[in-house]
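Q: I should like to take a close look at a single part of a protein. Please begin with the whole and then turn to the part.

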Amino acid sequence: MKEKLFDSEAKVMEIIWAKSPISAKEISLIASDTIGWNKNTTYTVIKKLEAKGFIQREDPRFICTPLVSKRQMQKAEAASLVKKVFGGSRHALFSALLENEPLSEEEVKALRKLIDER
């Protein structure tokens, strides 16, 4: 995934992932209620997402559907974070995440399972 998802775009993508397929008008109403954006701001972000290839808009009513799954985006953003902030070291990332936060027994089991399945 070549394009970066900016915070404003991520907010709109969350709405689209949750409600897809959804009209641009419905997105703008949800964004107005939850983020406080006006219609023009939301439509501008939708256009940027379409130009970047994250979503597809179809007539009538500008129905928006995601072209990238939330999981794909999470993986790409995580890889970017590891590379940019932690010099490519996943160990450094996990150390930073675990340093100050205690884990529940369930979280420890889930993490061990993920590691064992690799």
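What percentage of the 118 residues of the protein chain count as buried? After that, please examine the loop between β2 and β3 and the residues in contact with that loop.

A: In this predicted model, 22% of the 118 residues of the protein chain count as buried. The radius of gyration is 18 Å, whereas a compact globule of 118 residues would have one near 13 Å. The C-alpha atoms fill a box of roughly 50 × 30 × 25 Å along the principal axes. The chain contains six helices and three strands, and their order along the sequence is α-β-α-α-β-β-α-α-α. Among contacts with a separation of 6 or more, 54% are between residues 24 or more positions apart.

The loop in question lies between β2, residues 55-58, and β3, residues 63-66. Pro60 has its place there, and the peptide bond that joins Asp59 to Pro60 is cis, with omega about -5 degrees. Arg61 lies in this loop and has a phi near 70 degrees, a positive value in a residue other than glycine. Phe62 is found in the loop as well; its phi is positive, at about 50 degrees, although Phe62 is not a glycine. These details deserve notice because most residues other than glycine have a negative phi, and most peptide bonds are trans.

The surroundings of these loop residues can be described by their accessibility. Arg61 counts as exposed because its relative accessibility is 58%, and exposed means over 50%. Phe62 has a relative accessible area of 40%, so it is classed as partly exposed.

The loop leads on to another part of the chain through Ser23. This residue is found in strand β1, which spans residues 22-23. Leaving out residues up to four places away in sequence, Ser23 touches Arg61, Phe62 and Ile63. Ser23 is buried, because its relative accessible area is 4% and the cut-off for buried is under 20%.

Just before β1 there is a further cis peptide bond to consider. The bond from Ser20 to Pro21 is cis, with omega near -5 degrees, and Pro21 has its place in the loop between α1, residues 7-19, and β1. To summarise, a cis bond joins Asp59 and Pro60, Arg61 has a positive phi, Phe62 has a positive phi, and Ser23 of the buried class is in touch with Arg61 and Phe62, among others.

Key
Residues numbered from 1 in each chain as written. Predicted model: local features only at pLDDT ≥ 70, side-chain atom pairs only at ≥ 80, totals over all residues. Heavy atoms only, no water. Helix = DSSP H or I, 4+ residues; strand = E, 2+ residues; numbered from the N terminus. Rg over C-alpha atoms; globule rule 2.2 N^0.38 Å. Buried < 20%, exposed > 50% of the residue type's maximum accessible area, 1.4 Å probe, protein only. Contact = heavy atoms within 4.5 Å.
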